[in-house]
Amino acid sequence: MRLDAHQHFWHYDPAEFGWIDDSMSTIQRDFLPSDLKPILKESGIDGCVAVQAPQTLKETEWLLELADQNDFIKGVVGWVDLRSPSVWKQLHGFIKNKKFKGVRHIVQAEPDSDFLLRPDFSNGIAELSKHNLAYDILIFPQHLPCAIQFVDHFARQCFVIDHLGKPHYTEKGIEPWASQMKEIGKRPNVYCKLSGMTTEADWKKWKPADFQPYIDTVLEAFGPKRIMYGSDWPVCLVAGTYAQTLDLVLKAIKKLSADEQAQILGDTCAAFYRI
């Protein structure tokens with residue numbers, strides 16, 4: 001299968017989606033499975049993983065309902081309050097559904113730069129390990145040193161870094177991001193998504209070549225068996241079409257063998273999220 005390892009659905013609410021400002025008017029509307037299904041078919045993608053946007057239990061419940069209703073949604077990365085003493089109760093409410101594959105917290109928005117190292121948050125991560133659930137790491141580059149310490153506390157937990165850790169594409173030079181990604185990539189339980197690139201660049205002027213040094217760094221750090229393609233649809237639409245987003249990755253990995261390309265385009269995702 002070819003799989004999109006990272007996309008979102010939502011009923012647009014300006015209050016709930018305050019991060020979608022007027023510069024992102026393209027995505028100030030609802031995005032549902034009926035919108036994505038024909039796009040995936042046209043692009044030759046067999047299925048997807050729906051990832052949380054709002055941090056609510058209701059959102060996780062809704063995504064699982066959508067997955068139950070739509071076979072092409074192969075998995076859900078939801079949200080639970082990993083800091084809560086009753087996180088195990090929240091998880092038990094979802095693990096009965098086989099499409100519940102993992103959890104994400106929007107760490108990039110937390111004011112505490114060491115949020116990942118909080119003891120209460122670590123307790124929640126330990127609960128994920130008990131249930132073979134993945135954790136998606138959503139951070140900015142300045143959080144990478146903390147993330148390295150974080151993953152070292154959980155050698156048996158599967159992690160994936162969303163959006164390459166959001167490097168600063170519009171600035172010259174890729175250090176210290178590159179060295180830090182190579183360092184965290186030494187951990188065999190840490191994976192990386194080729195996703196969310198164009199939205200972190202100049203939306204109107206980006207070129208595929210802009211991202212090649214970053215993609216090459218990730219290929220060196222993780223290898224195809226720990227890299228997966230993700231569109232970040234519909235957020236990607238602020239900078240281009242779904243086809244352009246996919247084509248960026250296809251061109252960047254065309255130098256790899258057919259087997260290695262297959263890993264990035266679906267096999268890694270299927271293994272990581274147990275699809």
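The largest cavity in this predicted model has a volume of about 70 Å³. How many cavities of 30 Å³ or more does the structure hold? There is just one. Its walls come from several stretches of the chain: Ser-195, Gly-196, Met-197, Thr-198 and Thr-199 line the largest cavity, and so do Gly-230, Ser-231, Asp-232, Cys-236, Thr-245, Leu-248 and Val-249. Sort that lining by class and you get four nonpolar, seven polar and one charged residues. If you wonder how anyone finds such gaps, rolling a probe the size of a water molecule over the atoms shows where empty space is left.

**Open pockets**

Now for the pockets. The largest pocket has a volume of about 450 Å³. It has 22 lining residues, and those closest to its centre are Trp-19, Gln-108, Leu-138, Lys-166 and Val-235. The lining of this largest pocket splits into twelve nonpolar, five polar and five charged residues.

The second largest pocket comes in at about 180 Å³. Here you can look for Phe-9, Trp-10, His-11, Glu-16 and Phe-17, along with Pro-54, Thr-56, Lys-58, Glu-59 and Trp-62, in the lining. That set divides into five nonpolar, two polar and three charged residues.

Here are the three spaces together:

| Space | Volume | Lining by class |
|---|---|---|
| Largest cavity | about 70 Å³ | four nonpolar, seven polar, one charged |
| Largest pocket | about 450 Å³ | twelve nonpolar, five polar, five charged |
| Second largest pocket | about 180 Å³ | five nonpolar, two polar, three charged |

**How helix 6 packs**

Two packed helices are described by the angle between their axes and the distance between the axes. Let's try that on helix 6, which covers residues 177-184. Its partner helix 7 covers residues 208-222, and the two pack at an angle of about 25 degrees with their axes 8 Å apart. Angles under 35 degrees count as roughly parallel, so helix 6 and helix 7 are roughly parallel to each other. Helix 6 passes helix 7 in a right-handed crossing. On the helix 6 side, the contact uses Trp-177, Ala-178, Met-181, Lys-182 and Ile-184, while helix 7 brings in Tyr-214, Thr-217, Val-218, Glu-220, Ala-221 and Phe-222. By class, the residues of this contact are eight nonpolar, one polar and two charged.

Helix 6 has another partner in helix 5 (residues 144-152): their axes come within 10 Å and cross at roughly 5 degrees. That angle makes helix 5 roughly parallel to helix 6. Which residues meet here? Leu-144, Pro-145, Ala-147, Ile-148 and Val-151 from helix 5 touch Trp-177, Gln-180, Met-181, Glu-183 and Ile-184 from helix 6. This contact breaks down into eight nonpolar, one polar and one charged residues.

Trp-177, Met-181 and Ile-184 are worth finding on screen, as they appear in the contact with helix 7 and also in the contact with helix 5.

**Backbone details in the loops**

Zoom in on the loops for a few backbone details. A cis peptide bond joins Glu-175 and Pro-176, with omega about 5 degrees. Pro-176 sits in the loop between strand 6 (159-161) and helix 6. The bond from Trp-233 to Pro-234 is cis too, with omega near 0 degrees. You'll find Pro-234 in the loop between strand 8 (227-229) and helix 8 (242-252).

Where is Asn-132? Asn-132 lies in the loop between helix 4 (119-130) and strand 5 (134-137). Its phi is near 60 degrees, which is a positive value in a residue other than glycine.

Terms used
Residues numbered from 1 in each chain as written. Predicted model: local features only at pLDDT ≥ 70, side-chain atom pairs only at ≥ 80, totals over all residues. Heavy atoms only, no water. 1 Å grid on protein atoms, 1.4 Å probe; cavity = no way out; pocket = protein on both sides within 12 Å on 5 of 7 lines; lining within 4 Å. Points joined across faces, edges and corners; volume = space filled by probe spheres on them. Nonpolar A, V, L, I, M, F, W, Y, C, P; charged D, E, K, R; others polar. Axes fitted to C-alpha atoms, helices over the stretch in contact; angles between N-to-C directions. Helix = DSSP H or I, 4+ residues; strand = E, 2+ residues; numbered from the N terminus. Parallel < 35°, antiparallel > 145°, perpendicular 65-115°, else oblique. Left-handed = near helix turned anticlockwise from the far one by under 90°. Contact = heavy atoms within 4.5 Å.
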